[in-house]
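Visitor: Please take me through the sheet in this structure, strand by strand, and then through the helix that packs on it. I am a first-year student, so explain the terms as they come up.

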Amino acid sequence: MTDVEVDLTWAIVWCSQTGCSHDIAKQLWDRTKTRMQVPNIKSRVKLPSLMCQDEFKTIDDLARYRIITFVASSTGDGDPPENAISFMRLLNQQKKLTLDDETYRPLKNTRFSLIGLGDTNYSTYQGNPRRLKTLMVSLGATTFHPVL
């Protein structure tokens, strides 16, 4: 069997008001860690980073990841959790730049998937995850898996 070399930057990124999204993201990270420990994979394959949305301070911080798996929730009436407010503000600011320059797509090399959590009792069920998907696509990112 031939060794496989992969240079992959991947992040599992969560936001949560109550901790549910963090718990799911951590389970996903743990399972990925176990499955990535297979023979014939050289060391350039790195475990995904497990990060909270508020850790991203610039669009370049986000763009350095080629693959992102979001686990995102809503709070209140579809609002972002506290630890997602600055991240969503960053994406909204970047989206405004796309209005001035149609070629500005800072996330054009980023592929993402999204697991959205929310409460069906609210009229804006999945409000924050839906906004997140819209913003990511507007900045050039593409989905690699149907949004859940």
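Guide: The sheet comes first, then the helix and its salt bridge.

This is a predicted model, in which local features need pLDDT of at least 70 and side-chain atom pairs count only at pLDDT 80 or more, while totals for chains, interfaces and linings use all residues. Residues are numbered from 1 along each chain as its sequence is written, and side-chain values use heavy atoms, with hydrogens and water left out.

The open sheet has 5 strands in the order E2-E1-E3-E4-E5, with parallel pairing. Strands (E, at least two residues) and helices (H or I, at least four residues) are DSSP runs, numbered from the N terminus. Two strands pair if DSSP finds at least two bridges between them. E2 (49-52) and E5 are the edge strands; each has a single partner strand, so one side of each has no neighbour in the sheet.

At the E2 edge, strand E1 (residues 10-15) runs parallel to E2 and is joined to it by 4 bridges. One of these pairs isoleucine 12 with leucine 50 in E2.

Strand E3 (residues 67-73) pairs with strand E4 (residues 111-117) in the parallel sense, over 7 bridges. Here isoleucine 67 is opposite arginine 111 of E4. Between E3 and E4 the chain passes through helix H3 (residues 85-100), and this β-α-β crossover is right-handed: with the strands pointing away from the viewer, the path from the first strand over the helix to the second runs clockwise.

Arginine 111 also has threonine 142 as its bridge partner in E5. E4 and E5 (residues 142-143) run parallel and are joined by 2 bridges. Together with helix H4 (residues 127-138), E4 and E5 make a right-handed β-α-β unit.

Now the helix. Helix H1 (residues 20-35) packs on the sheet and touches E1, E2, E3 and E4, where contact means heavy atoms within 4.5 Å. The direction of H1 makes about 160° with that of E1; axes are lines fitted to C-alpha atoms, for helices over the stretch in contact, and angles run from 0 to 180 degrees between N-to-C directions.

Within H1, lysine 26 and aspartate 30 lie 4 residues apart, about one turn of the helix. They form a salt bridge, with the closest N and O atoms 2.8 Å apart. The term means a side-chain nitrogen of Lys or Arg within 4 Å of a carboxyl oxygen of Asp or Glu, and by this rule the count is 1. Lysine 26 is partly exposed at 33% relative accessible area, and aspartate 30 is partly exposed at 29%. Buried means under 20%, exposed over 50%, and partly exposed in between (1.4 Å probe, protein chains only).
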